[in-house]
Amino acid sequence: MQVRLLDHRHSAELHDTMTAGRADLAVGPRPPRWEGLLRELGTEEFVVVVAADDPAARQGATRVRLADLAERSWVHYATGNGLAEILDRTCAAAGFRPLTAVRTEQTAAAPLLAAAGLGPALVPANVIPPHFTGRLLRPDPPVRRALTAYARPHPDPLTTAFLDLLAAHARVLPPHVQEHLGPGLGTD
């Protein structure tokens, strides 16, 4: 058996890869009109990451109103990255268009750049590494999306077993992030 992991910048690219038969299994937002196996993994929570000494993290704050960050320059995602669209949509719903301090191609780089003080970043909580030194804040309003694991129609038994295992044991909100934020995430 050979395992090859692919990282896609956008859920549409992931869907296209699966539809074209270039992958057996995918993890991401629910694909439109999917006819293969699909397992719900849970709700992905997004957090706002700032440097430890950032004014938004004052006096043990665990939440931040996105509108309060309207004048800030953000760690943004590269054009074409699905997370860029999520950040733009989320900020628009809060009444502003995010200014950009820096853009990154790599999702995992966004929280590190924010922790270094380049500006706030809106990131999926599941990309926060253990022992992270930046501050995590719950965005107000909350930002969430459902995550699924899915396979092409008629998968082999190994793929089906892996999908079932993933659905049973996936941690959409890692324990170290829950500890960092305290109670409440995922219950709003």
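This report walks through the fold, the surface and a few individual residues of one predicted protein chain.

## Before we start

Since this is a predicted model, local features need a pLDDT of at least 70 and side-chain atom pairs count only at pLDDT 80 or more, while totals for chains, interfaces and linings use all residues. Residues are numbered from 1 along each chain as its sequence is written, and side-chain values use heavy atoms, with hydrogens and water left out.

## The overall fold

Let's begin with the big picture. The chain has 5 helices and 8 strands, and if you read along the sequence you meet them in the pattern α-β-β-β-β-α-β-α-β-β-β-α-α. The radius of gyration is 17 Å, close to the 16 Å that the globule rule gives for 188 residues, so the chain is as compact as a globular protein of that length. Here helices (H or I, at least four residues) and strands (E, at least two) are DSSP runs, numbered from the N terminus. The radius of gyration is taken over C-alpha atoms, and the globule rule is 2.2 Å times the number of residues to the power 0.38.

If you drew a box around the C-alpha atoms along the principal axes, it would be roughly 50 × 30 × 30 Å. Take the contacts in the chain with a separation of 6 or more: residues 24 or more positions apart account for 78% of them. A contact means heavy atoms within 4.5 Å.

## Inside, outside and charge

How much of the chain is buried? Of its 188 residues, 41% count as buried. That word means under 20% relative accessible area, with exposed being over 50% and partly exposed in between (1.4 Å probe, protein chains only).

The chain exposes about 10,300 Å², and carbon and sulfur atoms supply 53% of that area. The areas come from the Shrake-Rupley method with a 1.4 Å probe. As for charge, there are 19 positive and 20 negative side chains, and the centres of the two sets lie 2 Å apart. Lys and Arg count as positive and Asp and Glu as negative, while His and the chain ends are not counted. Each charge is placed at NZ of Lys, CZ of Arg, CG of Asp or CD of Glu.

## Backbone oddities

Most residues other than glycine have a negative phi, and most peptide bonds are trans. Now look at the peptide bond from Asp 140 to Pro 141: it is cis, with omega near 10°. You'll find Pro 141 in the loop between strand 7 (135–140) and strand 8 (144–151).

Arg 33 isn't a glycine, yet its phi is positive, near 45°. This residue sits in the loop between strand 1 (25–29) and strand 2 (38–50), and it is exposed, with a relative accessible area of 76%. His 154 also has a positive phi without being a glycine, at about 60°. Its home is the loop between strand 8 and helix 4 (157–169), where His 154 counts as exposed at 79% relative accessibility.

## Aromatic rings that meet

Rings of Phe, Tyr and Trp (its six-membered ring) pair if their centres lie within 6.5 Å; planes under 30 degrees apart count as stacked, over 60 as edge-to-face and the rest as tilted. That rule gives 2 aromatic pairs. One of them is Trp 34 with Tyr 150, an edge-to-face pair at 4.9 Å centre to centre with 65° between the planes. The pair links distant parts of the chain, as Trp 34 is in the loop between strand 1 and strand 2 and Tyr 150 is in strand 8, 116 residues apart. Both Trp 34 and Tyr 150 are buried.

## Two residues and their company

Which residues touch Val 172, leaving aside its neighbours within four places in sequence? Among them are Leu 41, Gly 42, Asn 126 and Leu 147. Val 172 lies in the loop between helix 4 and helix 5 (175–181) and is buried, with a relative accessible area of 11%.

Glu 40 belongs to strand 2 and counts as partly exposed, at 44% relative accessibility. With neighbours within four places in sequence set aside, its contacts include Arg 30, Leu 147 and Ala 167. Phe 96, by contrast, is 56 residues from Glu 40 in sequence and 32 Å away in space, C-alpha to C-alpha.
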